[in-house]
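Colleague: I am new to this structure and would like to learn how to read it. Please take me through it one feature at a time.

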Amino acid sequence: MDDLLVDTGASNHVTGGQLSTVGELPSETAVQTAGGMVRVEAQGEVQTPLGLQSGVRRIPGSPNLLSVGLLTRDGWSFEWPACGTPCLTDPQGVRHELDT
């Protein structure tokens, strides 16, 4: 996954690119985006700078998004202090500073 946006408003991890492995389609194959309803083509895994992510939905033309909500459900924490740098901390306690 090339360029990657960490998104506090995304409900799902999404890629417009290729999946590393492909699994079953989610039960909902259409999702609401800022641009309207779009079709999910596939779901699977993608290797990212933050490690292997599963449940990534492939939507052609979409930017690559990681959902902060899903990451926190999986044991990550997110912090963005006032006047500071946002960062994600993985379940092992490793901090990953994010660009803004």
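Modeller: Start with burial: a residue is buried under 20% relative accessible area, exposed over 50%, and partly exposed in between, using a 1.4 Å probe and protein chains only. By that rule L98 is buried, with a relative accessible area of 16%. Before going on, note that this is a predicted model, where local features need pLDDT of at least 70, side-chain atom pairs count only at pLDDT 80 or more, and totals for chains, interfaces and linings use all residues. Residues are numbered from 1 along each chain as its sequence is written, and side-chain values use heavy atoms, with hydrogens and water left out.

Colleague: How many of the residues of the protein chain count as buried?

Modeller: The share is 35% of the 100 residues.

Colleague: Which helices and strands does the protein chain hold?

Modeller: Helices (H or I, at least four residues) and strands (E, at least two) are DSSP runs, numbered from the N terminus. Here the protein chain has 1 helix and 11 strands. Their order along the sequence is β-β-β-β-β-β-β-β-α-β-β-β. The radius of gyration, taken over C-alpha atoms, can be set against the globule rule, 2.2 Å times the number of residues to the power 0.38. For this protein chain the radius is 14 Å, close to the 13 Å that the rule gives for 100 residues, so the chain is as compact as a globular protein of that length. Along the principal axes, the C-alpha atoms fill a box of roughly 35 × 25 × 25 Å.

Colleague: What is L98 in contact with, leaving aside its neighbours within four places in sequence?

Modeller: Contact means heavy atoms within 4.5 Å. With those neighbours left aside, L98 is in contact with V6, F78, T85, P86, C87 and L88. L98 itself is found in the segment after β11 (95–97). The C-alpha atoms of L98 and C87 are 5.3 Å apart, although 11 residues separate the two in sequence.

Colleague: How is the same reading done for A42, and where is its place?

Modeller: A42 is in strand β6 (residues 42–48). At 14% relative accessibility, A42 counts as buried. Not counting residues up to four places away in sequence, A42 touches L19, V22, L25, V56, R57 and R58. A42 and I59 are 17 residues apart in sequence, and their C-alpha atoms are 7.7 Å apart in space.

Colleague: And T89: buried or exposed?

Modeller: T89 counts as buried, at 16% relative accessibility. The place of T89 is in strand β10 (residues 87–89). Beyond its neighbours within four places in sequence, T89 is in contact with G75, W76, S77, V94 and R95.

Colleague: How many disulfides does the structure hold?

Modeller: A disulfide is a covalent bond between the sulfur atoms of two cysteines. As used here, the term means a pair of cysteine sulfur atoms within 2.5 Å. The structure holds 0 disulfides. C83 is in none, and the nearest cysteine sulfur, that of C87, is 15 Å away.

Colleague: Why is the sulfur of C87 in no bond with that of C83?

Modeller: Because the distance of 15 Å between the sulfur of C87 and that of C83, the closest cysteine sulfur, is too far for a bond. The burial values can be read alongside. C83 is exposed, with a relative accessible area of 91%, whereas C87 counts as buried at 1% relative accessibility.
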